[in-house]
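Got the model open in your viewer? Switch to a cartoon view, keep the selection box handy, and follow along from stop to stop.

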Amino acid sequence: MTGTAVYEIRRAQSRQELEAALELRHDVFCVEQGVPERDELDGRDHEGIHLVAVRDGEMLATCRILLVGSTAQFSRLAVKMSARRQGIATALLAAADEESRAGGARRIVLHAQTYARELYELAGYRPRGRVFWEAGIEHIAMEKLLD
Ligand SMILES: CC(C)(COP(=O)(O)OP(=O)(O)OC[C@H]1O[C@@H](n2cnc3c(N)ncnc32)[C@H](O)[C@@H]1OP(=O)(O)O)[C@@H](O)C(=O)NCCC(=O)NCCS
């Protein structure tokens, strides 16, 4: 964490908090980035672990983990625009490592938007394969092995 802002990272604790996380995802992916709603809401939220970053009741960031056997699928990482470049996504990625390990995962996989590739590389992810287009945005598959 940088600066003076204090925020907490944890699982979403209530239906209201999950709704606030979904609203942030809608704002970031659908409104800001133009991702179609049918892609953003893929019907798997009920299976997911939803991590959030909250400050004074304000939803700053969220991400989702789906545990599939020994693999954790990480996605839906969204940070409120006014809270970016303060290390919050990096902190969520670290929390996702812990949740995934605790859930029995040996590796985490994700589809990174290529512009944000460095964020994931700095968190220990490595690219796998070629770039591809998903929801109209250039992506690359990345993977991190968990110790
Ligand atoms: C991408 C996103 C999640 C990053 O969140 P963040 O909290 O600002 O990220 P961090 O502060 O932890 O960034 C850590 C490092 O990642 C890299 N990084 C972060 N955002 C970046 C950007 N927009 N462009 C290039 N590199 C970036 C930088 O190296 C950064 O370190 P620095 O700030 O010291 O340069 C946020 O910009 C976002 O929500 N974007 C819109 C949704 C999105 O693209 N989600 C990711 C889908 S793959």
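Which residue is the bridge partner of A53 in strand 3? Select A53 and look across: the partner is A61. Keep in mind that this is a predicted model.

**Stop 1: strands 2 and 3.** Now select residues 49-55, which are strand 2, and residues 58-68, which are strand 3. The two run antiparallel and pair over seven bridges. Besides the A53 and A61 pair, pick out L51, whose bridge partner in strand 3 is C63. Then slide to the turn: strand 2 and strand 3 form a hairpin with two residues between them. Click D56 in that turn and check the backbone, where phi is positive at about 50 degrees.

**Stop 2: on to strand 4.** Follow strand 3 to its other hairpin, the one with strand 4, which also leaves two residues between the strands. Here G69 is the residue to click, with a positive phi near 60 degrees. Strand 3 and strand 4 are antiparallel too, paired over seven bridges. For a sample pair, select L67 and find A72, its bridge partner in strand 4.

**Stop 3: the whole sheet.** Zoom out and colour by strand. You should see an open sheet of seven strands, ordered 1-2-3-4-5-7-6, with mixed pairing. At the edges sit strand 1 (8-11) and strand 6 (126-134), each pairing on one side only. Going from one strand to the next, the twist averages 25 degrees.

**Stop 4: the helices on the sheet.** Add residues 15-32 to the selection: this is helix 1, which packs on the sheet and touches strands 1, 2, 3, 4 (71-79) and 5 (107-113). Its direction makes about 95 degrees with that of strand 3. Next, select residues 88-102 for helix 3, another helix packed on the sheet. Helix 3 touches strands 1, 2, 3, 4, 5 and 7 (137-145), and its direction makes about 35 degrees with that of strand 3.

How many of the eleven residues of strand 3 are buried? Eight are, so strand 3 is largely enclosed by the rest of the structure.

**Stop 5: a glutamate to finish on.** Select residues 37-40 to bring up helix 2, and pick E40 within it. Is E40 buried or exposed? Its relative accessibility is 4%, and because the cut-off for buried is under 20%, E40 counts as buried. Show its surroundings as sticks: beyond neighbours within four places in sequence, E40 is in contact with R25, H26, F29, C30, V35 and R76.

Notes: Residues numbered from 1 in each chain as written. Predicted model: local features only at pLDDT ≥ 70, side-chain atom pairs only at ≥ 80, totals over all residues. Heavy atoms only, no water. Pairing = 2+ DSSP bridges. Helix = DSSP H or I, 4+ residues; strand = E, 2+ residues; numbered from the N terminus. Axes fitted to C-alpha atoms, helices over the stretch in contact; angles between N-to-C directions. Contact = heavy atoms within 4.5 Å. Buried < 20%, exposed > 50% of the residue type's maximum accessible area, 1.4 Å probe, protein only.
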